[in-house]
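Okay, thanks for coming, everyone. Let me put the model up and walk you through a few spots in it.

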Amino acid sequence: MTHAATVEHRRALVRGFIDGTLNAEEHAALEVQLRQADVARHFLRELHFDQAIRVTAKSQIRRAEIEAAPNTAHPVTARLRIRRPNRWRPDLHHWSWARAATVLVIFGLTAWLLLALPVKPQPVAELMVHLGTVEVDGNPRNGASGIINAQELLVSPRGWASVRLPDGTLIELANNTRVTVHRGTDGVRLTLTQGEVKADVRKQPSGKPLVIESPRSRATVLGTRLAFATATDNDRVEVTHGLVRCARRSDGNSIDVPAGQALAINSTGTLAVQPIRPAVEAIPEPPRSGLTMWFDPAHGVLRDERGRVQRWSDRTTHAWTVANDVPAQRPALDLAGRPLIRFAPRGEMLAGQIPWPSDGAFTVAIALRPTQLGRWSQGLGWGWGCFAFHAQEDGGVYAGVGAPGGGIRFHPGNGPEDIPPGTAVVGHWQRFIITYGHGVGAFYVDGNLIARKAMPPPQPRSDMYLGRADAPSGEPSSFAGDLGELLLYDRMLDPQEIILLDRRLRGAVTP
Amino acid sequence: MEPQLHFTRLWLPAQPVVVSVLAARIGDRVAVEDLVQEVALAAFQKLADYDETRSFTAWVLGIANHKAIDWLRANGPKRLVIRDEQALATLMQVGAELERDLSDRELALHGCLEVLQGRAREVVRHHYVDERPVAEIATAMNLSVANIKVMLYRVREALRDCVEKRLSAEGR
């Protein structure tokens, strides 16, 4: 057999495998051939090419047919229905009227059935991969699947999803994102009603830009990389590459956002771009060993219809949750810079069941910005006998293993074991880290060791609070400030880890 | 969301290879779609184990291999599939080399299918969209089975040429 014939034979075997027409002998021959790298390469390319034609054709051809007949309820059926209609021409003169009527009825019924039969709609995008639950029009999806025109996707609170458009454009959906994908003759439109999408957009056809919109604003994209987030009080667009035109829908005002710039859009106010805030990925990750709780306002926040924080889930696999069932007592989520939870001076709180580590040792890390100091301000913790934290009027801080009557914990004062007045400062982001192990606690402010003292081991508790709305008399009742991040470890971190953790907190609250 | 974006960027070039290798191993198109998703999720959950100095596609093909073995144990092959160990090893090896190649071809194909017209478009529609058997297509188009096979062959060749031209025009 010549070389050309051999190659042709291999190709025929590969084609036969794809078409499913090989007999056992031919199949065995193919398997032997596939031991050679060049044949295996050709085989994979052909398998993939066939699959790619199938997927692409289903997307493009059906869509083109639907777009070509926008006024037809079921265009595909209609197209099939007209196949060879003229071949059958009965001569009614030779038929009885009864037969003719029967034929007409059959024709009518057939046509009605063909028009009435539901046509399987074709996908306009593909759900590539997801974690957690993704609901499509209210139905949970499991696995890769097509997204039909105008279907709505909802990503679960701890999930994420990746959607690809036929041209290769990649859309990332963050947790709690609700988005609808529309494809029309004027291009693709993503309607975002909550959450955040990030898009890596391929160059779009002339006159058919990709549009990402919320009820408040609209971003027109020709080919770029961007993030678009919508919240109750504003939208935010960040452009990494390319150029995006953003318009406020209420008044039509628009502005071009170039690469490296961001735009916050609210209901009124001037549209002005600003440099993109430091990327989340630039913030160092905290040490993971022993991390039992990690509340980060950039993750897991569910807001009510007023935009207040109804529930907040932590980033560990425990998914600890703090919540408030009373709408009037819910804190706010501020998205102007890096997200933060804002507690009013009195009466706002979140609480949940989060077990205190049972091993005795612990590390608590807090990034907060007081907005008002007072008796029991910036209160959080697990209560007396366990860990508690709060400040007072002069900026002195109480922290550690509290107990009725004062207990043994860090408290305001001027001794080496005390937290001096003025430690908590209104309007300043501050990082507090408290460690405990071997019977000794240590208190760090902005990465510096302020005090050490002996303390009893904390008693296990599981009622965690951030601020208090209706606290028992004499106990912390308010927070009055912004909470940037809150972490808990079931061990005492070492000095190197303290430095890393402090850098994490600093990055988390850098505007 | 950045870890997810990072994963997705690793996964997208690998996905066509995973699909092709799984198609060769288990032959059931629907099952392949399910397994691909399982592989993606398993890879994401184990991403911390992935050594960035090595090929992601090779790593994820290892996961796909285990998934395929499990599936075949539970379901058995539905048709003749590739079972020869040496052939499978070669497929896994060359698959890791092909990741960018297959991904680029898939995207280039989008522009090529749009220009298909007339009978070529019709036969693609019948075969790939409606997934009708060749004999049925022949009847529908008033042609012989051999004619349909030739048409499909020519369409594939035309698409292949188109893809090559688009890739070379884009300098890939």
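**Chain B, and where it meets chain A**

Let's start just past helix 6 of chain B, where Glu131(B) takes a positive phi of about 55°. Before I go on, this is a predicted model: local features need pLDDT of at least 70, side-chain atom pairs count only at pLDDT 80 or more, and totals for chains, interfaces and linings use all residues. Residues are numbered from 1 along each chain as its sequence is written, while chains are lettered from A and ligands numbered from 1 in the order in which they are written.

Back to helix 6 of chain B (helices are DSSP runs of H or I, at least four residues, and strands are runs of E, at least two, numbered from the N terminus). Its 12 residues reach 15 Å from first C-alpha to last, close to the 16 Å expected at 1.5 Å a residue; that expected span is 1.5 Å times one less than the number of residues. Its buried residues are Val123(B), Val124(B), Arg125(B), His126(B), His127(B), Tyr128(B) and Val129(B). Buried here means 20 or more other C-beta atoms within 10 Å of a residue's own, exposed means 12 or fewer, and partly exposed is in between, with C-beta atoms placed from the backbone.

So what about Gly62(B), over in helix 3 (residues 56-75) of chain B? Gly62(B) counts as partly exposed because it has 14 C-beta neighbours inside 10 Å. Its C-alpha sits 9.9 Å from that of Ala43(B), 19 residues apart along the chain.

Now the contact: 43 residues from chain B and 38 residues from chain A, counting pairs whose C-beta atoms, placed from the backbone, lie within 7 Å. On the side of chain B that touches chain A, helix 1 of chain B gives the largest share, 10 residues.

Methods: Contact = placed C-beta atoms within 7 Å.
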